Amino acid sequence: MKPKAIVTGLIATYPVAGVLWDYAQYVVGLQRLGFEVYYVEDSGLPSYHSEPAAYLEKSLRWFLPELEGRWHYRTPDNQTHSLTELQIAKVAGDCVLFLNVSGGCLMRDEYMVVPNKVLIDTDPGLNHFVNFPKWDAAPGWQGTHGFRGHDYFFTYAENLGKPLCNLPDFGLAWHATRPPVVMDLCNASSVSKHWTTVMSWQPFQHYTKNISYNGVSYGAKEMEFQKLVALPQHTSAALEVAVGGANAAVLEWQQMGWHVTDAAEISGDPKTYREYIQNSRGEFSVAKNVYVATQCGWFSCRSVCYLAAGLPVVVQDTGFTEFLPSGEGLIAFATIEDAARGIETVERDYARHQRAARELARTYFASDVVLRDLLTGIGL
């Protein structure tokens, strides 16, 4: 009999394909490691979709048809879809693993029976400066157990605890982890002339204003992209950004030499999103200012999909060069000059950097590697 596991996420809450790919790869990855996986979404947050349950069902079916009848979505007004509250409580009683990806699931009593409850901090900065302090200030919100109700704590902030990273640890023993990628879901397609990326401008409600912590202000990608907006004038490469919510800035970017497309057209479903990545020449992207400023070591789950497709990635250094190799397939930059050099380096021997990108994904981010490391770390 297969061991049972619950993976949580925010697919229905934030119904865009990039979010879907982030969480679904945990589900598919664990399924391939021999688990009977259930998906739970119980965040207490409203959805941006008019029919979130229907969107969730369709999305999960595209990734893993076996999830039919193996998911539970609970709305803020306690309506449930697919598995009922009683049914998911029974499933939890049989599970050996509760993987709370992003820590977005409310830790209700029925989930606390799982013996290995794992928090995966995918958004260091927002969590450490905002969400975790809020939980500590109001423990027991909605009758739940908060982020401290987990047994194990993993984070994408691989530099947490090192002198270069100023994120607080809240007295917890944090373990490093990375975004997993299911390699054969991201095979390369035809390569276009454009270096691309997908991003939201002032995404959702989290970064409509900057985060302030100990007198320091931290922001999202807006703060960093403005430093690089003149990049097309420093390189002969064709640069494209698929963006949502940046209407006022688009004309300026186009005048600078960027090709700009609407992220909504790309992010409507998982297939279109994957094709956009696969048909790119590579990814050029900045990171959220909070990741750069804290040098936490965060790495993008979207960038991992580019790498797995054999597409080189030139991305802003968040401190990940402390533990990931930079120079072939993946090139980190700190300044606009670094970024231009990085792109030109790839272009001089593109085929070599393609091979290196795929190999880097296989070595450091493949779902079997990442998830086995996590399971070993908790004794499973």
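**Note on Thr-13, the nonpolar cores and helix α8**

1. Thr-13 is buried, because its relative accessible area is 1%, under the 20% cut-off. The model is a predicted one, and the points below should be read accordingly.

2. In the chain, Thr-13 sits in the loop that runs between β1 (4-8) and α1 (17-32). Leaving aside residues up to four places away in sequence, Thr-13 touches Glu-41, Ser-43, Leu-45, Pro-46, Ser-47 and Tyr-48. Of these contacts, the one with Tyr-48 spans 35 residues along the chain, with the C-alpha atoms separated by 6.1 Å. With Glu-41 there is a side-chain to side-chain polar contact of 2.6 Å.

3. The largest nonpolar core comprises 122 residues. Leu-30, Leu-99, Trp-253 and Trp-258 have the most contacts inside this core. Helix α1 gives the most to the core, with 10 residues. A second core, separate from the largest, has 13 residues, among them Tyr-38, Ile-88, Phe-98 and Cys-105.

4. Which residues does Trp-258 touch, not counting those up to four places away in sequence? The set is Phe-225, Leu-228, Val-229, Leu-231, Pro-232, Leu-239, Glu-240, Val-241, Trp-253 and Phe-284. Trp-253, one of these partners, is also listed with Trp-258 among the residues with the most contacts inside the largest core.

5. Helix α8 covers residues 270-278, and its buried residues are Pro-270, Tyr-273, Tyr-276, Ile-277 and Gln-278. The N-terminal end of α8 is capped by Asp-269, which places a side-chain oxygen 3.1 Å from the backbone nitrogen of Lys-271.

Technical notes. Residues numbered from 1 in each chain as written. Predicted model: local features only at pLDDT ≥ 70, side-chain atom pairs only at ≥ 80, totals over all residues. Heavy atoms only, no water. Helix = DSSP H or I, 4+ residues; strand = E, 2+ residues; numbered from the N terminus. Buried < 20%, exposed > 50% of the residue type's maximum accessible area, 1.4 Å probe, protein only. Contact = heavy atoms within 4.5 Å. Polar contact = N/O pair within 3.5 Å; in protein donor to acceptor, adjacent residues only side chain to side chain. Core = buried A, V, L, I, M, F, W, Y, C linked by side-chain atoms within 4.5 Å.
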